[in-house]
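Student: I should like to learn how to read a model of this kind, feature by feature. Where might we begin?

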Amino acid sequence: MCCLSYQQHTTQRATHVSFQAVYITVQDVEPKEIGMAKFFEEESHTFSEYLLVPGYSSSKNIPSNVSLETPLVRYAKGEKPSITMHIPMVSAIMQAVSGPRLAIALAQEGGISFIYGSQSPENEAQMVREVKSYKAGFVISDSTLTPDMTLADVLELKERTGHTTMPVTEDGTPTGKFCGIVTSRDYRVSRDEPQKPVREFMTAASDCITANARTSLKECNDIIWEQKVNQLPIVDDNGNLVSLVFRKDYDSHKSRPDELLDEHKRYIVGAGINTRDYAQRVPLLIDAGADVLCIDSSEGFSEWQKLTIDWIREHYGTSVKVGAGNVVDAAGFRYLADCGADFVKVGIGGGSICITREQKGIGRGQASALIDVCRARDEYYEQTGVYVPVCSDGGIVYDYHMTLALAMGADFLMLGRYFARFDESPTRRLNVNGSYVKEYWGEGSARARNWARYDLGGKKKALSFVEGVDSYVPYAGPLKDNVEGSLTKVRSTMCNCGALTLAELRDKARITRVSATSLVEGGAHDVMLKDSNSDMNFR
Ligand code: RVP
């Protein structure tokens with residue numbers, strides 16, 4: 001396949017290309033013994049050090065003909081994987097990334113979120129349940145308003161979430177007793193006092209048109225049109241808020257050809273687990289409806305992963321799908337594949353917020369790790385007839401890194417920083433020095449790890465050292481627009497490589513390493529940029 005058999009493809013394709021491309025060579029990825037330690041002969045490389053060399057494309061190679069379908073879980077030759085994604089993207093198992101809102105938005109585009117496991121098993125199961133019980137067109141509120149809050153709180157919430165319509169509940173939770181609704185037509189910033197209580201200017205529940213939780217989406221939309229309202233709060237028999245239906249969403253749920261649904265037409269969602277409390281956590285997650293699990297560990301070449309998978313197989317057989325990782329070489333892949341992992345995740349230390357390499361001196365350049373593992377996957381398939389998908393996790397900065405990772409052999413990509421920037425991620429949107437940003441912190445940061453101390457009633461000791469940082473990332477708007485934009489580029493590049501499927505891309509891609517000087521040439525250079533906020537400058 002791709003990177004490892006370039007010689008063969010060069011010969012095959014010689015009639016189509018008139019130049020001699022430079023191909024990467026991966027001579028011998030087994031570490032060699034030099035003195036006491038074993039050394040990998042290759043240097044460790046990352047995505048920015050490679051480019052794709054375009055190949056012949058026929059008139060059929062147009063973006064609308066490209067399929068990004070990809071297997072999520074292992075399958076035997078001649079069979080179909082039990083879960084196939086419509087786009088090769090999953091969201092990282094992180095507090096700052098994968099909550100229910102993002103999981104729904106990503107499933108609507110054809111990918112999968114893994115709800116973060118760094119919270120109590122009960123909380124995580126509740127988030128999974130929220131995704132599984134979500135009905136398309138019904139939006140779960142992210143407002144925290146209570147009647148006693150003030151106009152200043154409303155403005156702060158609007159700034160943070162970007163939403164102008166906010167339901168008000170007795171306790172400020174998304175499913176608390178419904179008290180009323182605030183829209184931007186209810187106040188005038190120039191005239192009203194910031195301390196004015198919400199109860200004085202909200203439209204009270206008794207004056208709102210609402211619908212009960214048994215109303216279908218079609219009926220809700222009919223009410224919205226007949227009553228000439230912009231939103232319809234859905235309230236249960238006890239007067240608690242359930243969700244909202246918005247006029248502006250009327251058509252959007254119809255235009256999602258790629259949405260990823262289970263056999264009951266519910267969105268597909270994954271969940272992170274660890275190698276310690278699986279006996280307690282896994283049953284709760286499965287009960288809540290999780291479609292796939294993933295062991296979340298920065299170092300996955302360990303017996304702990306085997307014990308976790310063994311426990312799942314003993315209690316659920318192969319009906320529960322579970323990915324494992326992270327590994328960075330062929331030996332790690334083979335170990336986890338033999339343990340029965342449904343997919344294997346690759347990457348140590350390449351994440352944007354990750355300082356594992358600095359702190360512990362372990363890891364490997366993401367591209368080198370991926371190439372090595374994908375070769376092992378292909379060998380494993382040849383030897384056993386079982387295909388175990390590979391996920392490239394972390395280190396994707398530019399959209400072209402996605403195409404490169406897929407060309408190098410990744411079946412799908414796990415992204416953290418990328419998704420953290422969107423409206424749907426669970427973090428706050430802030431205005432820092434005039435620019436909107438969102439918070440993004442590593443699972444190995446003190447901030448993320450604090451959950452264990454709090455949720456376990458202070459039983460867990462403080463950390464001796466951290467492996468992740470707390471940061472800001474530029475706010476980038478809705479997930480849908482960004483994912484569409486990125487995948488348009490991926491599709492277009494695939495066409496330049498003559499590929500209409502990801503398998504074809506792996507087979508046909510020709511990849512070259514770039515020198516430091518060519519890297520400079522690749523960006524805008526020797527000109528003065530007019531727009532200092534241009535996309536490239538923003539990164
Ligand atoms: P990125 O997409 O580059 O932001 O990387 C996200 C990945 O980084 C995660 O999927 C995970 O593998 C890794 N990570 C998460 N937290 C930390 C840390 O604190 N070191 N690393």
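Tutor: We may begin at the ligand, bearing in mind that this is a predicted model. A bound molecule is read through its polar contacts. Here an oxygen atom of the ligand is 2.7 Å from an N or O atom in the side chain of serine 352. Aspartate 393 places a polar side-chain atom 2.5 Å from an oxygen atom of the ligand. With glycine 395 the backbone takes part: one of its N or O atoms lies 2.9 Å from an oxygen atom of the ligand.

Student: How much of the ligand's accessible area does the protein cover?

Tutor: On its own the ligand has 490 Å² of accessible area, and the protein covers 90% of that. There are 21 residues around the ligand, and those that come nearest are Ser352, Asp393, Tyr440, Gly444 and Glu467.

Student: How should the chain as a whole be described?

Tutor: One starts with its secondary structure and its burial. The protein chain has 18 helices and 25 strands. Of its 539 residues, 51% are buried. Among contacts with a separation of 6 or more, 65% join residues 24 or more positions apart. The chain exposes about 25300 Å², of which carbon and sulfur atoms supply 51%.

Student: Which residues touch the most other members of the largest nonpolar core?

Tutor: The general idea is that nonpolar side chains tend to be buried together in soluble globular proteins. In this model the largest nonpolar core has 111 residues, and Leu293 and Phe419 touch the most other members. Helix α11 (residues 366–384) gives the largest share of this core, eight residues. Apart from it lies another core, of 12 residues, including Leu145, Leu151, Cys179 and Phe201. Beyond four places in sequence, the contacts of leucine 293 include Phe114, Ile273, Ile312 and Phe343, and also Lys321.

Student: Where on helix α4 do the buried residues fall?

Tutor: One lists the buried residues, then looks down the helix axis. In α4 (residues 151–161) they are Leu151, Val154, Leu157 and Thr161. Seen down the axis, these buried residues fall within an arc of 120°, so they line one face of the helix. Their cover includes β9 (166–169), β10 (178–182) and α5 (198–201). After α4 comes glycine 162, with a positive phi near 80°.

Student: Is arginine 364 buried or exposed?

Tutor: Burial is judged by relative accessibility, with a cut-off of under 20%. Arginine 364 counts as buried because its relative accessibility is 10%. This residue sits in the loop between α10 (356–360) and α11. A polar atom of its side chain lies 2.9 Å from the backbone oxygen of valine 328. Among the residues that arginine 364 touches, beyond four places in sequence, are Phe40, Ser44, Asp329 and Asp372.

Student: What joins the side chains of aspartate 342 and arginine 313?

Tutor: For a charged residue, one asks about burial first and partners second. Aspartate 342 has a relative accessible area of 3% and is therefore buried. Its place is the loop between α9 (330–339) and β18 (344–346). A polar contact of 2.9 Å joins its side chain to that of arginine 313. Aspartate 342 also touches Leu72, Val73 and Arg74, among others, when residues up to four places away in sequence are not counted. The C-alpha atoms of aspartate 342 and valine 390 are separated by 9.4 Å, although the two residues are 48 apart along the chain.

Notes
Residues are numbered from 1 along each chain as its sequence is written. This is a predicted model: local features need pLDDT of at least 70, side-chain atom pairs count only at pLDDT 80 or more; totals for chains, interfaces and linings use all residues. Side-chain values use heavy atoms; hydrogens and water are left out. Buried means under 20% relative accessible area, exposed over 50%, partly exposed in between (1.4 Å probe, protein chains only). Helices (H or I, at least four residues) and strands (E, at least two) are DSSP runs, numbered from the N terminus. The arc is that of the directions from the helix axis to the C-beta atoms. Contact means heavy atoms within 4.5 Å. A nonpolar core is a set of buried Ala, Val, Leu, Ile, Met, Phe, Trp, Tyr and Cys residues joined through side-chain atoms within 4.5 Å. A residue is near a molecule or strand if one of its heavy atoms lies within 4 Å of it. A polar contact is a pair of N or O atoms within 3.5 Å; within protein, one must be able to donate a hydrogen and the other to accept it, and residues adjacent in sequence count only if both atoms are side-chain atoms. Accessible areas come from the Shrake-Rupley method with a 1.4 Å probe; for residues, only the protein chains shown count as cover.
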